[in-house]
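Here are my notes on this model, set out point by point. Please read them with the structure open.

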Amino acid sequence: MLPLLIWSCAPMDQPTIIPQTGSTLVSPAAGSSLVLLETAKGDSITFQVTAPDFGVPGAVEITYKLEMAKGGTNFAKVVNLATTKTPIIKVKTEDLNNKALAEGLEPGEAGAVDIRVTTSINRSLSDLVGAASNLNVTPYLATVVLPSLRVPGDYQGWNPGNNSTIIYSA
């Protein structure tokens with residue numbers, strides 16, 4: 001029993017810790033303001049991020065995921081803005097506007113959002129979550145046009161050709 005006890009008290013080698021660094025937002029700079037315009041809804045906003053360091057040698061395929069959350073929520077609800085294979089991430093103005101409105105930002109008023117980048121590689125390592133950057137986003141009022149509902153046939157005066165018999169969504 002004594003040899004077993006002595007062997008169990010020998011110092012153990014600790015595993016090597018591989019330093020890893022997540023991606024961070026370079027542009028637009030933290031604290032800057034984005035005013036979204038309806039006239040530019042088809043345009044893209046470019047986000048540039050740094051490359052992550054997973055601490056592994058050799059070529060790896062990196063996937064960048066740009067994420068947003070309402071400011072001050074500590075990413076309790078994560079909204080994916082875009083996913084790409086390059087550190088230059090483009091997001092359509094209309095998409096950013098709709099997602100900002102869905103998170104409760106008021107149209108025409110600057111609201112705080114937090115942006116971060118989550119990266120993954122084509123190896124069995126955990127995703128790296130980069131540091132969050134705060135931006136002020138001013139969304140525009142977006143009108144959602146819902147489809148019209150029509151009743152087929154001529155039941156109780158309904159007529160598909162008559163626009164006054166359309167059932168509207170509210």
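The points below go from the overall fold to single residues.

1. Status. This is a predicted model. Please keep that in mind for each point that follows.

2. Overall make-up. The protein has nine strands and two helices. Along the sequence, the elements run α-β-β-β-β-β-β-α-β-β-β. Of its 170 residues, 29% count as buried.

3. Contacts and surface. Take the contacts between residues at least 6 apart in sequence: 65% of them join residues at least 24 apart. The exposed surface comes to about 10900 Å². Carbon and sulfur atoms supply 57% of that area.

4. Helix α2. This helix spans residues 93-102. Which of its residues are buried? They are T93, L96, N97 and A100. Viewed down the helix axis, these buried residues fall within an arc of 100 degrees, so they line one face of α2.

5. What covers that face. Strands contribute to the cover over the buried residues of α2. Among them are β2 (33-35), β3 (44-49) and β4 (62-70). The cover also includes β5 (79-84), β6 (88-92) and β9 (133-138).

6. After the helix. G104 follows α2 and has a positive phi, near 100 degrees. L105 sits in the loop between α2 and β7. Is L105 buried or exposed? Its relative accessible area is 6%, under the 20% cut-off, so L105 is buried.

7. Surroundings of L105. Neighbours within four places in sequence are left aside here. L105 is then in contact with A100, one of the buried residues of α2. The other partners are K70, G111, A112, V113, V137 and P139. L105 and G71 are 34 residues apart in sequence, yet their C-alpha atoms are 9.9 Å apart in space.

8. T118 in strand β7. The strand covers residues 111-121 and holds T118. T118 counts as buried because its relative accessibility is 7%, against a cut-off of 20%. What does the side chain of T118 make a polar contact with? The partner is the side chain of E67, at 2.9 Å.

9. Neighbours of T118. Residues up to four places away in sequence are not counted. T118 touches T63, Y64, K65 and E67 on one stretch of numbering, and D127, L128 and V129 on another. E67 therefore appears both as a polar partner and in this list of contacts.

10. Rings. How many aromatic pairs does a search of the whole structure find? The count is zero. One ring does have a charged residue over its face: R116 lies over F75, at 4.1 Å from the ring centre.

How values were computed. Residues numbered from 1 in each chain as written. Predicted model: local features only at pLDDT ≥ 70, side-chain atom pairs only at ≥ 80, totals over all residues. Heavy atoms only, no water. Helix = DSSP H or I, 4+ residues; strand = E, 2+ residues; numbered from the N terminus. Buried < 20%, exposed > 50% of the residue type's maximum accessible area, 1.4 Å probe, protein only. Polar contact = N/O pair within 3.5 Å; in protein donor to acceptor, adjacent residues only side chain to side chain. Contact = heavy atoms within 4.5 Å. Phe/Tyr/Trp six-rings, centres within 6.5 Å; stacked < 30°, edge-to-face > 60°. Lys NZ or Arg CZ within 6 Å of the ring centre and 35° of its normal. Arc of directions from axis to C-beta. Areas by Shrake-Rupley, 256 points an atom, 1.4 Å probe, with all protein chains shown as cover.
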